[in-house]
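Hi,

Here is the structure I said I would pass on. Have a look at it first, and then read my notes underneath.

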Amino acid sequence: MENMSKFKESNTLKKLSKLEKDRMERRRRNAEVKAEKEEISRLNQDTPHWELLAMITQYRNTITLSPLSYNDFIEDHLITVAVRKRPLNKFDLVKKEIDIITIPNKNQLIVHEPKYKVDLTKYLDNHVFTFDYTFNETCSNQIVYKYTAQPLIQTIFEGGYATCFAYGQTGSGKTYLMSGCPKNLKEKGIYALTASDIFKEANSEKYDDLKLEISCSFFEIYVKKVSDLLNGKQTLKLLEDGKQQVQVVGLTERTVSSVDEVLHLIKIGNEERASGQTSANVNSSRSHAVFQICLRSKLNPKKIHGKFSLIDLAGNERGADTFFSSKTTKMEGSEINQSLLNLKECIRALGRKGAHLPFRGSKLTQVLRDSFIGANNKTCMIAMVSPGVSSCENTLNTLRYADRVKELGGSEVQGSKSLDHDLHMETNSAVRSSHSLNAYSSMKSFDKQSKDRLEDKIINAHKDIVKKLQKSAKEAEDLLNSSKNDVEKYSLNWNMLIDDVVTSLNKAKM
Ligand SMILES: Nc1ncnc2c1ncn2[C@@H]1O[C@H](COP(=O)(O)OP(=O)(O)OP(=O)(O)O)[C@@H](O)[C@H]1O
């Protein structure tokens, strides 16, 4: 008995001593980790985002990168939505920005958003977006052009309207893409590349009979004011005739015979645009600039044969600081938001032939009305994003907007690690197939296997819709919590969210 109690005592002592040893070991290891962190932090004093950078690098090491290459296939779309990421520039480097965008392949993009857990440890919220094309920081303007605006050139020769939009926050590279790099003349912009191809095509024998003439106009829309950039910013009026056709009364249209002449007009217009920035409230990135190249046959000069509109859209990023700002700035912001929402609906209407076209909702959509109707019209939108971490919120807003422009095209899978495009395509086609459920129930000759497969697809599509609604409910809750910070941004995001929910619900109807 005595031996037994001695044995128990020594066992307890052993356990206590082990616990003490473990505790010491834990303390030693914690001290080591702490020292290591302090050392890394000391070494990275110059890189405030080193922890975030380490997490992103680790993430990138887990995926295979296969970005778009020059020989990739050009898809034929009525509406093309693409994203271009610019490289970090010297201003970013001065601000010690880090690159939070990864482009793993030719149509996906990941935004690594830094977030904090409740215990304040950092983590990455990886947002995966799918578009028709994604261009990484090494892609030249020529490549972006090849997959976006160039495939639309033929449209205007076939009697249609082609429209190319560049959208993104200030500093995201819209001017670099549209006008080219001022320091490197080889890096031409979309204006010059488009004009050059239009001249090449117009001068080909095919169109000899048409006797085509090329002319250009350039105007700006700021709040509700339309100004002629080729005529000293003369204010222009919009008039709608009985056939709902909108005329920009008094707009200067210059006949051109070479690419250089086109570029000269663009230079004049851009200078005119910039000149307003100091003298008034007008800021180039807060107005929409519309450059149009028009084809007319000399045989019937009153009728437009085809038109290419290149539009540098205003960014909505200043919404972030408008809560305490002036009435003018608020009005400016809400006008931009309204025109962007309307634009999105009008582009979607182009994709759904015969759908209601709410073009009267803004001056921008009024002047572009003809671009959204007509069987032969095509549109592309290039969303531009800055890679830096301080642009994260604006980048997500730009991508969400671009994502919603194309109904059923490019879906965002928040937080998802899946990079499988086919998966999205599968989901999208299943959603589309749910429209045919009524037809399906009345199909008597349907074989059992096909019936089961279709039924599964429909149920899966409906599950996706439920998931989407749950995600939207969560987004709505987050939005409500942030409503007090910035009313204007809140209302824009709220409208976009509701739009999205309504679209999902419409799709869910059987
Ligand atoms: N693809 C690119 N490669 C290299 N540099 C780029 C690229 N895109 C943009 N930049 C550089 O980034 C800076 C901002 O670009 P840019 O002026 O084109 O932006 P923006 O969207 O037109 O801005 P804002 O709306 O304020 O006029 C410029 O210095 C530009 O040269």
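Let me start with the walls of the largest pocket: the lining residues split into 15 nonpolar, 17 polar and 11 charged. Bear in mind that this is a predicted model.

The volume of that largest pocket comes out at about 1200 Å³. Its lining is made up of 43 residues, and those closest to the centre are Thr175, Tyr176, Ser179, Gly180 and Pro182. If you want to find your way round by secondary structure, look for β1 (79–85), α3 (90–94), α6, α7 (190–202) and α8 (259–279), each of which supplies at least two lining residues. Of the elements, α8 gives the most to this lining, with 6 residues.

Now for the ligand. Where does it sit? The space it takes is that largest pocket. Around the ligand there is a shell of 13 residues, with Thr170, Gly171, Lys174, Thr175 and Tyr176 the closest. By class, the shell holds 2 nonpolar, 8 polar and 3 charged residues.

And which element gives the most to the shell? That is helix α6, which spans residues 174–179 and puts in 3 residues. So keep the two rankings apart when you look at the model: α8 leads for the pocket lining, while α6 leads for the ligand shell.

On to the individual contacts, which are worth pulling up on screen:

- Threonine 175: an N or O atom of the side chain is 2.4 Å from a ligand oxygen.
- Tyrosine 176: here the backbone is involved, with an N or O atom 2.8 Å from an oxygen of the ligand.
- Arginine 84: an N or O atom in the side chain lies 3.5 Å from a nitrogen of the ligand.

As for how much of the ligand is covered, it has 630 Å² of accessible area on its own, and the protein covers 73% of that.

Thr175 and Tyr176 are a good place to begin browsing: both are listed among the residues closest to the ligand, and both are also among those closest to the pocket centre.

Cheers

Definitions and conventions:
Residues are numbered from 1 along each chain as its sequence is written. This is a predicted model: local features need pLDDT of at least 70, side-chain atom pairs count only at pLDDT 80 or more; totals for chains, interfaces and linings use all residues. Side-chain values use heavy atoms; hydrogens and water are left out. A residue is near a molecule or strand if one of its heavy atoms lies within 4 Å of it. A polar contact is a pair of N or O atoms within 3.5 Å; within protein, one must be able to donate a hydrogen and the other to accept it, and residues adjacent in sequence count only if both atoms are side-chain atoms. Accessible areas come from the Shrake-Rupley method with a 1.4 Å probe; for residues, only the protein chains shown count as cover. On a 1 Å grid over the protein atoms alone, a cavity is a set of points where a 1.4 Å probe fits but cannot get out, and a pocket is an open set with protein on both sides within 12 Å along at least five of seven lines; lining residues have an atom within 4 Å of a point. A molecule sits in a cavity or pocket if more than half of its atoms lie within 2 Å of its grid points. Helices (H or I, at least four residues) and strands (E, at least two) are DSSP runs, numbered from the N terminus. Ala, Val, Leu, Ile, Met, Phe, Trp, Tyr, Cys and Pro count as nonpolar, Asp, Glu, Lys and Arg as charged, and the others, Gly among them, as polar. Grid points are joined across faces, edges and corners, and a volume is the space filled by probe spheres set on the points.
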